[in-house]
Amino acid sequence: MARFKDIEEKWQSRWHEQGLHISERDERPKFMIIFAYPGVTGYLHVGHMRGYTYVDAISRYMRMNGHNVLFPVGTHATGNGAISLASRVAARDPDTIDYLLRNGCPEGSLPLLETPEGVVDFFNDVYVNDYWKRFGFLCDWRRFTSSIRPDYNRFIQWQFRKLMELGLLIQKPYYAPACVECGPVAVDPSETDLSKGGNAEVNEYTLLKFRCGDEYLIAATLRPETVFGQTNFWVNPDVDYVRVRVGDETWIVSEPASRKLTHQMDDVSPLGPVAGTELLGMMCAAPMIGREIPVLPAAFCDPNVGTGLVTSVPSDAPDDLVALRELQRDPDKLRSYGLDPSIADIDIIPIIDIEGYGPCAAVDIVDRMGVEDGRDPRLPEAKKQVYKDGHHLGRMNSNCGTYEGLRVEEAKERMRDDMLASGEASLFHDLSEEVVCRCGKPVMIRRVDDQWFIDYGNPELTARTKEHCKGMGIFPSEYYNNVQGVLDWFRERACVRQGNWLGTRFPFDEGWIIEAISDSTLYPVYYLISSYANEGKVSEAQMTEPFFDHVILGRGEGADVSQQTGIDADVLRSIKADVAYWYPLDLNLGGKEHMTVHFPAFLFNHQAIMPDDLLPRGIFVNWYITGKKGKISKSKGGAQPIPGAAERFGVDSLRLYYAHVASPFADVEWDEDIVTSYRQRVERVMRMVEELHSLDGADRGVADRWLRSRMARHVEATRRHMDHYDLRQMANVVYFDIPNDIRWYLRRGGRDRATARKAVDAWLRMMCPITPHLAEEAWESIGGQGLLSEAEYPGHEDYDAESELAESYLREVMEDVNEILKVTGIKPEALHLYTAPAWKSKVMSVAVTMAEQGSLSIPNLTKSVMSDENVRSHGKAASEFAKKVATDMMRRSTSELERLSADIDEAGLLGEARPFLESELGCEVVVHSSDEDDLYDPQSKARASVPMRPAIYLE
RNA sequence: GCGGGGGUAGCCAAGCCUGGCCAACGGCGCAGGACUUAGGAUCCUGUCCUUAGUGGUCCGAGGGUUCAAAUCCCUUCCCCCGCACCA
């Protein structure tokens, strides 16, 4: 194990000494490849290395194929992940500290992690050194950049100026989660900003206004299409509501709702409380249908959800139905509120037809499940089921006026919009569950009027981008097709945030920070500039709009730009030439989560800003390595830290594991036993290399020709697979097919020094992309010249079809023998092989000729061959054989026919292989021709012989 | 509901696009053997049923096209992912 580590370090430093990581313009064709840079969110786990490893392997392959390769890396630190981690470290949060230490953070580094910048610097270092360098990647480290560096920020500001220039930045209102104290926060499952509620979603409610005298009761609903089924209104008698002034209207809502409203509407002012009980028994006018309905008591109205007031649609809402039935069963309850029980004599109004349900879906499901009251634990399930089916399968029925016949999905939007237009409704956004900021204050939805969006819905841009994608290399091919739909689906995206975020200031309003998805779209081109910034040749102050316009878009004169910015004219020329040389990006690789987020934005921004000849050429999507249950979680433990895995299994074992374990387009469950078996595989392969190299014999003929031919084919196969970056197939050839062939060669007695050395030479080169450290080590030990990583990938060699045919013939004979041994269980003292008699070969060759001419049939063949005296003399056996051959041949493909018609010297081959067969079987082997006189054939087996398939007799 | 992917022998997983050496690559697991009797090692053989190398059945299920289908067409069942939906 330690041996792995020594070898890894040795070669990594050699590569570095030799400057393999440095990519500079030259005369070779270029190849630029990246993986989507990771967010700086903490430690990564073994699953993340999968995609990164693909990129290094592909870039090494391209390098060995004569390409000048650029593989730059960076990190994405935009957002508030680092801020929140820093604050937790500063607060000495035990879980956070434990997490850091468990993953190998030195205790002494903790103070560094108390600032966001410190967090980013620390993890940049971890990613580069503990992950990427540790895995032997040949990246151009000089170009490393991170999205919160000032020079990067200048680039992003330039990008946004270009978007503005193109009219792709637009403003419109937006509803965003925000802490009442801290301002905007991110609501997502990682809960970096939150202490509670990361899974909450933003729901759009329709506020329905029920006129009640000169004021309105306001109900919030997610199902505005059900208004035709309204029978009554629910108020919680135990809740105190409030009156609020909204514009020139008076609304009644719950107290929490009134507070939420102030963040979303102008002109909201409190008027005073009103007890729920005061509202009971009133009549109010239901929107859309205009009918007067009674206000009834219900305990399930939660003041924290929606407005705390609910409209009742018992036909389709199980909650409403159950509450109504409870009231109807319990007249005393109504009397206790001073209401006449007859007020609850309400007819349910069916409004939606759903396949598989009666006219009122809620009645159906509640009765079917036997739900009796509002406390029944199955009620939520019933609700979920009926809503789901209603939404997907439902159609509005004849009680729904002009909406009759519409699908629920359509009716919902139409009815909402119609009520908004008539003033009977309003919109309200709320979180689906309670969300609490890290600071402890509640998070609510705030309306932002002047939110900036990138207009990815632009039809012209979408059309151009879709067209360009048709010419790209997009893997897997499913995504090639699907991306067209994704681009259509991609709409305006809010691109700036307010509040405490790391990132680039929005150039048109410095109070905003550009958000994470929007500042990570065009950045690959910045890798061509970052090295100049890193080396101090260009300062961020010099990165003006004309500078980027010039070096990226070719605008303006170099001399002018040089003068304006003070950048050395040669430096400027060099940057411009770099961009022209390296761009476009040949391949961008990212995980499947990017399919609907990053990749479309990446494509759109390039299409919008870059000239046609700098548009991306390829995308590669990889799926995940998962834990036992779903994705390996960074936070929940169970994740294998990367350096530990490298230590345990060896980097090359892991690289092979990633490359080979499954299709890149499938999730894989991390399983240490599997990884172990890959470690054994690389060990075995390396032993085999040594063994091959140590051979010092002479050419023995067919086996040697066979191995050379097979190696030539394997080289060809790997090249073919790598044409579409199919590392798995490539690895399969190199680490499985080739060893199998070499085993056969050795078993067969192959010992030729020249053949073996040639095979080792090609084989190590083929290994270099995936297991570079071990391949280099072996390369050195066999006296290879220079670094293998800089060597050429093996080229084309001719095949030797004849030796391949001969070996497969031999293997088939052995298989047949084994089959018989297995069935009979005998331990043979002698094996007799009988090659087919000449007359059978004659029949076969006539049949092949006929099959090729398309004239093969049983009568034709029989007639033809029976005219030959040498055949006819075998009488019935001859005609039966002809019949069998004809039947068989008529269903063979041309490639099989070729094989059958091959003219090989079976007796000669078997004769040559006799010593081999004898040692394999441990018995005497005798080769006969069925044509021999006085044939030794005690069981008359010889007659079963067929050309290419000798008869067998074991005794 | 919309969009996408998939069901292959104990497991994982190729192949299907460009039908034919496909009973179906390869790996793992398992069984037997060899070597060796230290090592999670290596090598050979076997691993649907049947059988002196044959024959039968087989690639979710059912039809069809074809001389020939895991591969093409139709029907059907099931699973997964994204979106949507859910006071």
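**Entry 1: cavities**

I began by looking for enclosed spaces in this predicted model. How many cavities of 30 Å³ or more are there? I found one cavity by that rule, and the volume of this largest cavity is about 50 Å³.

Next I wanted to know which residues line the largest cavity. My list reads Val702, Arg748, Ala806, Glu807, Tyr809, Leu810, Leu909, Leu910, Glu912 and Ala913. I sorted this lining by class and got seven nonpolar residues, three charged ones and no polar ones. I also checked which helices take part: H28 (801–824) and H34 (906–921) each give at least two residues to the lining.

**Entry 2: a pocket**

From the cavity I moved on to the second largest pocket, which holds about 1300 Å³ of space. I noted 45 residues in its lining, and the closest to the pocket centre are Tyr205, Ala220, Leu222, Val305 and Gly306.

Which element gives the most to this lining? I traced that to H12, with five residues. Other elements that supply two or more residues include strand E8 (202–212), strand E9 (215–221), helix H7 (255–262), helix H9 (318–329) and strand E21 (443–454). By class, I wrote down 20 nonpolar, 15 charged and 10 polar residues for the lining of the second largest pocket.

**Entry 3: the chain as a whole**

Then I stepped back to look at chain A, where I find 34 helices and 32 strands. Is the chain compact or spread out? Its radius of gyration is 38 Å, while the globule rule gives 30 Å for 955 residues, so I noted chain A as more spread out than a compact globule. I also looked up the span of its C-alpha trace along the principal axes, which is about 120 × 80 × 50 Å.

**Entry 4: two helices that pack**

I picked helix H17 (residues 545–553) and helix H19 (residues 569–582) for a look at packing. Their axes are 7 Å apart and make an angle of about 45°. I call H17 oblique to H19 because of that angle.

Which residues meet here? On the H17 side I found Phe547, His550, Val551 and Ile552, and on the H19 side Leu572, Ile575, Lys576 and Val579. I sorted the residues of this contact into six nonpolar, one polar and one charged.

**Entry 5: backbone oddities**

I saved the backbone for last, with a reminder to myself: most peptide bonds are trans, and most residues other than glycine have a negative phi.

Where did I find cis peptide bonds? One joins phenylalanine 475 and proline 476, with omega about 0°. Proline 476 sits in the loop between strand E22 (473–475) and helix H15 (477–489). Another cis bond joins tyrosine 583 and proline 584, with omega about 5°. I placed proline 584 in the loop that runs between H19 and strand E26 (587–591), so my helix from the packing entry turns up again here.My last stop was arginine 92, a residue other than glycine with a positive phi, near 55°. I located arginine 92 in the loop between helix H3 (81–90) and helix H4 (94–102).

Note on methods. Residues are numbered from 1 along each chain as its sequence is written. Chains are lettered from A and ligands numbered from 1 in the order in which they are written. This is a predicted model: local features need pLDDT of at least 70, side-chain atom pairs count only at pLDDT 80 or more; totals for chains, interfaces and linings use all residues. Side-chain values use heavy atoms; hydrogens and water are left out. On a 1 Å grid over the protein atoms alone, a cavity is a set of points where a 1.4 Å probe fits but cannot get out, and a pocket is an open set with protein on both sides within 12 Å along at least five of seven lines; lining residues have an atom within 4 Å of a point. Grid points are joined across faces, edges and corners, and a volume is the space filled by probe spheres set on the points. Helices (H or I, at least four residues) and strands (E, at least two) are DSSP runs, numbered from the N terminus. Ala, Val, Leu, Ile, Met, Phe, Trp, Tyr, Cys and Pro count as nonpolar, Asp, Glu, Lys and Arg as charged, and the others, Gly among them, as polar. Axes are lines fitted to C-alpha atoms, for helices over the stretch in contact, and angles run from 0 to 180 degrees between N-to-C directions. Angles under 35 degrees count as roughly parallel, over 145 as roughly antiparallel, 65 to 115 as roughly perpendicular and the rest as oblique. Contact means heavy atoms within 4.5 Å. The radius of gyration is taken over C-alpha atoms; the globule rule is 2.2 Å times the number of residues to the power 0.38.
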